[in-house]
Amino acid sequence: MTTTTIPGLLPAVADFVSTDRKMLIGGQWVDAASGRTFATNDPATGRVITNVAQGEAADIDRAVAAARAAYEGPWSRMKPNERERLIWRVGDILSERAEIFGQLEALDNGKSVAIATAVDVGWSADVWRYNAGLATKITGSSVTPSMPFAPDQQFHAYTRRESIGVCGQIIPWNFPILMATWKLAPALAAGNTVVLKPAEQTPLSALMLGEVFEEAGFPPGVVNIVPGFGDAGAALSAHMDVDKVAFTGSTEVGKKIVHAATGNLKKVTLELGGKSPNIVYNDADLDAAVAGSVAAWMFNHGQCCVAGTRMFVQRDIFDDFTQAVANAASQAKIGPGLDPTTELGPLVSQEQFDRVSGYIQQGLADGARALTGGGRWGDEGYFVEPTVFVDVKPEFSIVEEEIFGPVVVALPFDDEEDVARAANDSIYGLAAGIWTKDVSKAHRTAAKLQAGSVWVNQYNGFDTALPFGGFKQSGWGRELGDSAVDHYTQTKSVNIAL
């Protein structure tokens, strides 16, 4: 194995990355059937962290078989309160090891270790506990049938909400531990078993989470973790013995998942791309709006599906406001995620660096003007300067397409109707922000926006109890809240003639 010694790691993290990592199938840590491995890299330097077993179709077959055996065996016989205790224990272990998971996430993804620890891991623990409580609260209802064609017969009818079966889950690289949690926790609370395919760029926290499932006492095969590339995800999506597939990632890949799922018409939920509008009215608290608008597109280095990368600013404050945003963005401290003072870390990979850089260059070529940024930062790693574009037109690629980096475009607007039309002029509908002191205006605007989440006088206003998902080509279904468990159950009607 070829790895680089990384100074400053906690002993548990250093130990974890000191050896090649295997995949978890049927309660055993195993090599890929092919024996192949792949490297996962530190985005701050480009150097290898460690090597990971490379799952392919044969490994997906093994994992699905293990998940099926667990589903039809010990997991299906386990009472809801037993599942509840196991799921709650995962949250407790994450809280106990928040610094370990946070540092591993920062190392593999490049994000700020402070954010990774407090937000990604801390929130993950909360989501596990929330879903633990739902395990004992999955209920049906009783119905009094009319049955007009049997007027002299009495009936007792009720509904049951039952688990779906074996679930394939494919998660992205931007919030690895959090996205694993969003999918695993409700699926397990509902009584399903899972094959999880983490992103090839960031497999490490999911694999460490696999150790937590073992320690917590989950039966073998309930959770199987198969790292790999797109071919592994395609095999999982198309597998005839997988009953549901859940995916978070790009809209382009989401459409491929839908096509792959048609073989056995498996259930599908998708959390896909976004190009979210962030609307600033002239009556907003402008200091709060500047800070919030910067965070809207710079959080997680812009690698966030809900990022407010289309900033609509009322015309009479446009020049001053956009310059204030540019000034604030230009002062962000750029550096490696393992530095707790870092505010803007590297992009996740060379591929992502090239993608974002290409959009910036195209924007400049199209005639956009950068108030700040527009280039690479430093000469090592995958760092891009935070970039604020003005003088843009709606047809520019930087306005229409999801960039997934620290880049925002600013456009002026005149009134409520004007901005609602412009904000909705997108194939996406994931999130939106509104900044105004006028509560009536806030409600009117929120009602007009085609988005699954609307945040007023804040951005990234998530909560574990609030459903999250998109309109239009931003996806199908919802995660978080009670809705997440709903998507991992199916309803059965039972009607008994008395």
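The structure holds 24 salt bridges. The model is a predicted one. The exercises below start from one of these pairs and move on to helices and sheets.

**Exercise 1. A charged pair**

Find the residue that forms a salt bridge with Asp59, and work out how the two are placed in helix α2.

Solution.
- Side chains of opposite charge can pair when their charged atoms come close.
- The partner of Asp59 is Arg62. Their closest N and O atoms are 2.6 Å apart.
- A salt bridge needs these atoms within 4 Å.
- Asp59 and Arg62 are both in helix α2 (residues 57-72). They are three residues apart there, so about one helical turn separates them.

**Exercise 2. Two packed helices**

Describe how helix α7 packs against helix α8, and which residues make the contact.

Solution.
- Two packed helices are described by the angle between their axes and the distance between the axes.
- Helix α7 covers residues 176-189 and helix α8 covers residues 204-216. The angle is about 40°, and the axes lie 9 Å apart.
- That angle makes α7 oblique to α8.
- The crossing of α7 past α8 is right-handed.
- From α7, the contact uses Pro176, Ile177, Ala180, Leu184 and Leu188. From α8, it uses Ser205, Leu209 and Phe213.
- Sorted by class, the contact has seven nonpolar residues, one polar and no charged ones.

**Exercise 3. A sheet of three strands**

Give the strand order of the open three-stranded sheet, and name its edge strands.

Solution.
- The order is β5-β6-β22, and the pairing is antiparallel.
- β5 (142-143) and β22 (489-497) are the edge strands. Each pairs on one side only.
- β6 (residues 155-163) runs antiparallel to β22, and nine bridges join them.
- Ser163 has Thr489 of β22 as its bridge partner.

**Exercise 4. A sheet of seven strands**

Trace the open seven-stranded sheet, then place helices α12 and α16 on it.

Solution.
- The order is β14-β15-β16-β13-β12-β18-β19, with mixed pairing.
- β14 (369-372) and β19 (453-456) each have a single partner strand, so one side of each has no neighbour in the sheet.
- On average, neighbouring strands are turned by 25° against each other, direction ignored.
- β12 (residues 277-280) and β18 (residues 431-435) pair in the parallel sense over three bridges. Val280 stands opposite Trp435 in β18.
- Helix α12 (residues 318-330) packs on this sheet and touches β12, β13, β14, β15 and β16. Its direction makes about 140° with that of β13.
- Helix α16 (residues 439-448) lies across β12, β18 and β19. It runs at about 160° to β18.

Notes
Residues numbered from 1 in each chain as written. Predicted model: local features only at pLDDT ≥ 70, side-chain atom pairs only at ≥ 80, totals over all residues. Heavy atoms only, no water. Axes fitted to C-alpha atoms, helices over the stretch in contact; angles between N-to-C directions. Helix = DSSP H or I, 4+ residues; strand = E, 2+ residues; numbered from the N terminus. Parallel < 35°, antiparallel > 145°, perpendicular 65-115°, else oblique. Left-handed = near helix turned anticlockwise from the far one by under 90°. Contact = heavy atoms within 4.5 Å. Nonpolar A, V, L, I, M, F, W, Y, C, P; charged D, E, K, R; others polar. Pairing = 2+ DSSP bridges. Salt bridge = Lys/Arg side-chain N within 4 Å of Asp/Glu carboxyl O.
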